[in-house]
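Q: Please take a close look at the interior of this protein chain. I should like a connected account of how residues are brought together there.

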Amino acid sequence: MRTRVLRLLRRPWTAAVAAVALVVSVLVAMPASGAAAAACRVDHTVDAWAGGYTARVRVTNLGPTVDAWRLTWTYTGDQQVTSAWNATVTQTGASVVAVNADWNGTVPTGGTAEFGVQGTWRSAAPAPDDFALNGSSCGGDGGTPPTTPTPTMAPTSTPPPTTTPPPSAECGDAVICSGFEDQTGPEPSGDWRFTAPDCRGTGTVAVDSAVSHAGGRSLRVDGRAGYCNHAFVAHAADLSSVGPVLYARMWVRHTTSLPASHVTFVSMPDSAQAGRALRVGGQNGALQWNRESDDATLPAQSPAGVALSRPLPTDGWQCLRFAVDTSVGHLDTWLGDEQVPGLHADGVPTQDVDQQWLARGGAPRPTALRLGWESYATGDDTLWFDDVAVGSAPIGC
């Protein structure tokens, strides 16, 4: 379990406090347009490990509704933000600015806006204590004298999870939004059609009215081992104009743990690979990305890399989400509300994560979505897919 310390931490993090969650709660002023400054609360939760961290930031509005927000702070250590979600975050020197996304700029009275950042550090990473919202500082020194937290778990080099979901599970104007409720027979029809991209064996795909995440239907795939057992359904939507960030959400259920050998259950033709697939699947028992053109993987298939990914739990519905930035090639992946550290590529090569991935290829441009099963050695599995969505805006679980 993690220790939660309600104070501003000023002493540098060391290996002795790695993997300890630090919570900083401060009161700042949030001015509303045409009104006097209104109080708000900023909760800043840090998950740190040796050389890296994620921070979850929650802004609670205690005053009148505001239409936009801009949060600033200054790092006094050597932290460097490498990526963010649910906000646009930029860093110049030690100064950091977070600006609301299109969908979370309005914060009603009592409402909250949340975003997160991921970054690196080398020698010191004190928690920031100078948060300012819309130009108004929290003032003072922020509270109690600094003390060193006592960790309740041993240090680890594995990053803790990040838990910031997108805003809504609704599809909105997504290009694909399907719970398979429009399927009337046992065979996929309409926008969904069976396909075997390279070769077909004994794997099968069917509409299932006995198992579903929501509603009364799902897509069932009986996947078989062996390279020539490709069994997928492809959606008719052209994804080549979705973006610049392509967001996908699907609920997946399966019966057999991911094997040691390579398997794929999401396959997206990629124009950046001349139509070869950008794939989501598993290897060494954990989730992975794979690029068909050069067989590069994310994370690297070293013990340290695999440890930064996650298995796909069996016998229960799992919410799988990912984001593909088609302009710069960044990738992010969530299992439920956990951002998976090993399935993250941010343009800065990280050993055991995306060093190989970035060295071999550029920005992907998925053009279609296929769901099913493809094994390259051993690995039978039965899978169900439901509530599938793909669009240009984040889609939650």
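A: Two residues are in contact when heavy atoms of theirs lie within 4.5 Å. In this predicted model, contacts between residues at least 6 apart in sequence can be sorted by separation, and 71% of them join residues at least 24 apart. The chain has 397 residues, of which 53% count as buried. Its secondary structure consists of two helices and 25 strands. The accessible surface comes to about 15800 Å², and carbon and sulfur atoms account for 52% of that area.

A general tendency helps in reading the interior. In soluble globular proteins, nonpolar side chains tend to be buried together. In this chain, the largest nonpolar core has 45 residues. Within this core, Phe 265, Trp 289, Phe 322 and Leu 369 are the residues with the most contacts. There is also a second, separate core of 26 residues, which includes Val 57, Val 66, Trp 121 and Ala 125.

Leu 369 shows how the largest core draws on several stretches of the sequence. Residues up to four places away left aside, its contacts include Ile 176, Trp 192, Val 233, Leu 239, Met 268 and Val 390. One of these, Val 233, has Leu 371 of strand E24 as its bridge partner. Strand E15 (residues 231-235) and strand E24 (residues 370-375) run antiparallel and are joined by four bridges. Both strands belong to an open sheet of seven strands, in the order E12-E15-E24-E17-E18-E19-E20, with antiparallel pairing. At its edges lie strand E12 (192-195) and strand E20 (297-298), each of which pairs on one side only.

Trp 289, also named above, leads to a polar residue in the interior. Thr 333 sits in strand E22 (residues 331-335). Thr 333 has a relative accessible area of 2%, and therefore counts as buried, since the cut-off is under 20%. Its side chain makes a polar contact of 2.9 Å with the side chain of Trp 289. In addition, a polar atom of the Thr 333 side chain lies 3.0 Å from the backbone oxygen of Leu 343. Beyond its neighbours within four places in sequence, Thr 333 touches residues including Leu 320, Phe 322, Glu 338 and Val 340.

Aromatic rings provide further links, and seven aromatic pairs are counted. In one of them, the ring centres of Trp 69 and Phe 115 are 5.5 Å apart and the planes meet at 25 degrees, so the pair is stacked. Trp 69 lies in the loop between strand E3 (52-61) and strand E4 (70-74), whereas Phe 115 is in strand E8 (residues 112-120), so the pair ties together parts that are 46 residues apart in sequence. Both partners are buried: Trp 69 has a relative accessible area of 2%, and Phe 115 has 0%. Trp 69 and Phe 115 also belong to one aromatic cluster with Tyr 53, Trp 73, Tyr 75 and Phe 131.

Another pair, Phe 180 and Trp 192, is tilted, with 5.1 Å from centre to centre and 40 degrees between the planes. Phe 180 lies in the loop between strand E11 (176-178) and E12, and Trp 192 is in strand E12, 12 residues apart. Phe 180 is buried at a relative accessible area of 2%, as is Trp 192 at 1%. Trp 192 returns us to the largest core's Leu 369, which it touches.

Methods. Residues numbered from 1 in each chain as written. Predicted model: local features only at pLDDT ≥ 70, side-chain atom pairs only at ≥ 80, totals over all residues. Heavy atoms only, no water. Buried < 20%, exposed > 50% of the residue type's maximum accessible area, 1.4 Å probe, protein only. Areas by Shrake-Rupley, 256 points an atom, 1.4 Å probe, with all protein chains shown as cover. Core = buried A, V, L, I, M, F, W, Y, C linked by side-chain atoms within 4.5 Å. Pairing = 2+ DSSP bridges. Polar contact = N/O pair within 3.5 Å; in protein donor to acceptor, adjacent residues only side chain to side chain. Phe/Tyr/Trp six-rings, centres within 6.5 Å; stacked < 30°, edge-to-face > 60°.
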